[in-house]
Amino acid sequence: MKSYEIIEHTADIGIRVKGKDLRELFRNAALAMFDLIATRLKESKSPDKEKILVKIKSDNLEELFVNWLNELLSLSSVKEKIFCEVSFKNLDKNSLEAEVVGCALMNYKIESEIKAATYHQLQLREEQSGWQAEVIFDV
Amino acid sequence: MSNFWQGPIEKIDDFHWRIPKTYKPGMRVPGIIIADEKLLKDIRHDKAAEQVANVAFLPGIVGASLAMPDIHWGYGFSIGGVAATDVEAGGVISPGGVGFDINCGVRMLKTNFQYEEVKDRIKDLVYALFSGIPSGLGSKGDIRVSTREEKEIFLKGSKWAVQKGFGIEEDLECTEENGAIQGADPGAVSDRAYERGKAQSGTLGSGNHFVEVQVIDQLYDRDCCDQFGLNLGQITVMIHSGSRGLGYQVCDDYTRSMIRCLEKYKIDVPDRQLACAPVNSTEGSAYLSAMRCAANYAWANRQCLMHLTRGVFEKVFSMSWQKIGMSLIYDVAHNIAKIEKHKVGGIEKKLCVHRKGATRAFGPGHPALPQKYSKTGQPVIIPGDMGRNSYLLVGTEKAMEETFGSTCHGAGRLKSRSAALKSIRLDDLLKKLEAKGIVVKASGRGTIIEEAPEVYKDVNDVVDVVHKVGISKRVCRMRPLGVIKG
């Protein structure tokens with residue numbers, strides 16, 4: 001079962017994603033975004049993996065969230081990788097430091113291109129059971 | 001959850017609908033939607049009209065926040081929106097009013113072929129185009145450039161490509177801004193954007209970008225057709241692409257910086273994706289300089305794509321593209337912000353015109369037009385969906401008066417991508433297209449479904465409105481024969 005839901009949007013695509021804490025929320029959002037972009041093939045064609053350290057600072061949590069997703073899209077394009085693992089060394093409301101693992105594009109079937117995460121109708125909120133975010137991507 | 005928009009829309013006449021300034025405190029001008037009753041019904045089915053109202057908050061906006069009949073829900077701005085701000089009166093520029101795909105646009109080429117001559121070769125041609133033109137997510141081409149060359153592309157646009165041998169001087173004349181808008185500053189582009197742009201020149205990208213082989217199936221203005229050298233049954237080609245990852249990065253970089261400007265310049269907008277800064281501020285002018293680099297990159301990209309297309313035709317038909325008569329009719333941007341002069345209340349003003357999913361449509365005699373189009377008005381290219389039609393129109397004086405020289409840009413989406421994936425089966429769709437004689441090749445299976453004709457409004461309805469309103473004029477209509485998609 002998918003760890004995120006699709007939000008209907010005429011031209012673009014949105015997701016609703018949850019996490020028990022902020023780290024899980026940011027991780028799940030990143031993995032959901034790459035799940036929209038590509039589907040892992042059953043057989044690996046290349047064992048290549050690259051670990052990348054990502055550091056971001058932002059003025060507030062919402063900007064940190066959008067900047068995080070856009071930084072991953074940008075790195076994915078430059079490095080020609082799909083990010084499949086995420087772990088955080090640090091994450092607070094203004095900054096994060098994460099280690100992400102990029103897998104070779106050839107191990108995936110490409111589904112669609114996401115140009116960017118947007119601020120349109122962006123929501124991040126803390127609930128009783130953890131955190132929930134809604135974000136719309138430009139596709 | 002229904003997204004039906006319940007807000008106020010007042011009828012002005014059969015084709016003009018007003019969202020009153022009083023709808024939301026903070027609107028500086030009303031919203032005006034150009035549509036007929038049928039299209040307006042579709043428009044109310046998502047939040048596009050709310051976005052038209054939100055754009056009316058932009059400082060310095062003049063006239064109205066305008067929406068073309070192909071308007072649909074975007075992020076921040078609606079797609080199909082036009083907003084002009086008064087540069088000398090604190091008017092702002094917003095990266096969201098241009099979008100991530102800076103200078104996404106379309107160009108149209110003609111050929112000397114008649115449909116009857118090539119109808120049996122369309123499949124070969126489409127397959128050859130698919131293998132000859134890099135497409136799909138992150139596609140990288142054979143045209144790789146160094147940082148120094150990228151700077152040249154940012155400044156010279158299409159001219160860079162022509163100097164590399166990817167086209168001829170005449171192509172530049174037939175491109176909006178001659179393929180290079182002035183005022184680009186390569187220093188305003190981030191290192192990451194440079195990196196993303198290096199390998200993507202001459203690549204199509206994915207989503208709704210395409211190369212399509214078409215045939216002219218209806219002539220509307222015979223004089224114009226004669227001037228353009230277009231006849232019934234003639235084969236034409238349309239190319240739709242933009243600035244690729246480079247443009248996305250420029251938009252992202254500057255949206256970040258402009259969110260800070262909201263506080264700095266005390267700007268109140270209802271959506272952070274409308275983040276903006278005065279055109280005359282440091283941040284505004286930096287964005288404008290970087291956006292122009294990305295716009296020029298996109299023109300160079302479409303020039304490269306046209307070069308590759310000409311090459312494929314040469315191979316398939318074993319003759320030179322010149323002999324095939326593959327000359328460029330015109331190339332237009334439909335995601336861009338331009339500094340232009342327009343009359344507001346009878347007084348000429350320097351405006352920043354945002355066209356987000358809208359096409360420039362300058363009328364006859366405008367100084368920005370090349371001599372050959374001075375009498376006809378600017379060619380306006382309107383791609384439809386891959387199952388119905390596309391159009392060639394010309395700009396009019398009415399557009400200068402009413403819409404800051406702008407018109408629609410396409411059919412406009414009606415259904416979401418996820419709704420398409422749920423309701424359309426690929427096999428059925430391909431059979432339907434095949435029955436119409438349309439060959440489709442795409443990198444992703446999902447792309448074909450997401451771009452199915454039924455997810456779009458009927459472009460014939462959209463063009464009918466802009467023609468009747470007079471903000472552009474029909475010249476001829478094409479129908480698709482073969483299409484490659486990312």
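Two residues are in contact here if their C-beta atoms, placed from the backbone, lie within 7 Å. Keep that cut-off at hand for the exercises below, and remember that the structure is a predicted model.

**Exercise 1. A residue in a helix of chain B**

Find out where I153(B) sits, whether I153(B) is buried or exposed, and which residues I153(B) is in contact with beyond its neighbours within four places in sequence.

Solution.
- Step 1: Locate the residue. I153(B) belongs to helix α5 of chain B, which covers residues 147-156.
- Step 2: Count the neighbours. A residue is buried if 20 or more other C-beta atoms lie within 10 Å of its own. I153(B) has 28 C-beta neighbours inside 10 Å, so I153(B) counts as buried.
- Step 3: List the contacts. Setting aside the neighbours within four places in sequence, the partners of I153(B) are V145(B), W160(B), N296(B), Y297(B) and A300(B).
- Step 4: Compare sequence with space. I153(B) and N296(B) are separated by 143 residues along the sequence, but their C-alpha atoms are 6.6 Å apart.

**Exercise 2. Two helices of chain A**

Work out at what angle the axes of α1(A) and α2(A) cross, and which residues make the contact.

Solution.
- Step 1: Look at the axes. Helix α1 of chain A, residues 22-37, and α2(A) have axes that come within 10 Å and cross at roughly 40°.
- Step 2: Name the arrangement. With that angle, α1(A) is oblique to α2(A).
- Step 3: Give the hand. α1(A) and α2(A) cross in a right-handed way.
- Step 4: Find the residues. α1(A) contributes F26(A), A29(A), A30(A) and M33(A), while α2(A) contributes F65(A), W68(A), L69(A) and L72(A).
- Step 5: Sort them by class. The contact of α1(A) with α2(A) has eight nonpolar residues, no polar and no charged.

**Exercise 3. The sheet under these helices**

Describe the three-stranded sheet of chain A: what is the order of its strands, and which helices pack on the sheet?

Solution.
- Step 1: Write the order. The three strands form an open sheet in the order β4-β6-β5 (chain A), and their pairing is antiparallel.
- Step 2: Mark the edges. β4 (49-57) and β5 of chain A are the edge strands, each pairing on one side only.
- Step 3: Note the turn. Direction ignored, neighbouring strands of this sheet are turned by 25° against each other on average.
- Step 4: Zoom in on one pair. β5(A) and strand β6 of chain A, residues 95-104, run antiparallel and are joined by nine bridges. F88(A) has A98(A), in β6(A), as its bridge partner.
- Step 5: Add the helices. α1(A) lies across β5 and β6 of chain A, at about 170° to β5(A). α2(A) touches β4, β5 and β6 of chain A, and its direction makes about 145° with that of β4(A).

**Exercise 4. A sheet in chain B**

Now do the same for the open sheet of seven strands in chain B: what is the order of the strands, and which are the edge strands?

Solution.
- Step 1: Write the order. The strands follow one another as β1-β2-β3-β4-β5-β13-β12 (chain B), with mixed pairing.
- Step 2: Mark the edges. These are β1 (10-13) and β12 (335-344) of chain B.
- Step 3: Give the twist. From one strand to the next, the twist averages 25°.
- Step 4: Examine a pair. Three bridges join β1(B) and strand β2 (residues 16-19) of chain B in the antiparallel sense. Opposite E10(B) stands R18(B) in β2(B).
- Step 5: Add the helices. Helix α2 of chain B, residues 48-55, packs on the sheet and touches β2, β3 (31-34), β4 (65-72) and β5 (79-86) of chain B. Helix α17 of chain B, residues 459-469, lies across β3 and β4 of chain B at about 145° to β4(B).

**Exercise 5. Where the chains meet**

How many residues of chain A are in contact with chain B, and which element of chain A gives the largest share?

Solution.
- Step 1: Count both sides. 27 residues of chain A are in contact with 37 residues of chain B.
- Step 2: Find the elements. On the chain A side, α2 (61-79) and β10 (130-138) of chain A each give two or more residues.
- Step 3: Pick the largest share. α2(A) gives six residues, the largest share of that side.
- Step 4: Sort by class. The side of chain A that touches chain B has ten nonpolar, nine polar and eight charged residues.

Terms used: Residues are numbered from 1 along each chain as its sequence is written. Chains are lettered from A and ligands numbered from 1 in the order in which they are written. This is a predicted model: local features need pLDDT of at least 70, side-chain atom pairs count only at pLDDT 80 or more; totals for chains, interfaces and linings use all residues. Ala, Val, Leu, Ile, Met, Phe, Trp, Tyr, Cys and Pro count as nonpolar, Asp, Glu, Lys and Arg as charged, and the others, Gly among them, as polar. Two strands pair if DSSP finds at least two bridges between them. Axes are lines fitted to C-alpha atoms, for helices over the stretch in contact, and angles run from 0 to 180 degrees between N-to-C directions. Angles under 35 degrees count as roughly parallel, over 145 as roughly antiparallel, 65 to 115 as roughly perpendicular and the rest as oblique. A crossing is left-handed if the near helix is turned anticlockwise from the far one by less than a right angle, and right-handed if clockwise. A residue is buried if 20 or more other C-beta atoms lie within 10 Å of its own, exposed if 12 or fewer, and partly exposed in between; C-beta atoms are placed from the backbone.
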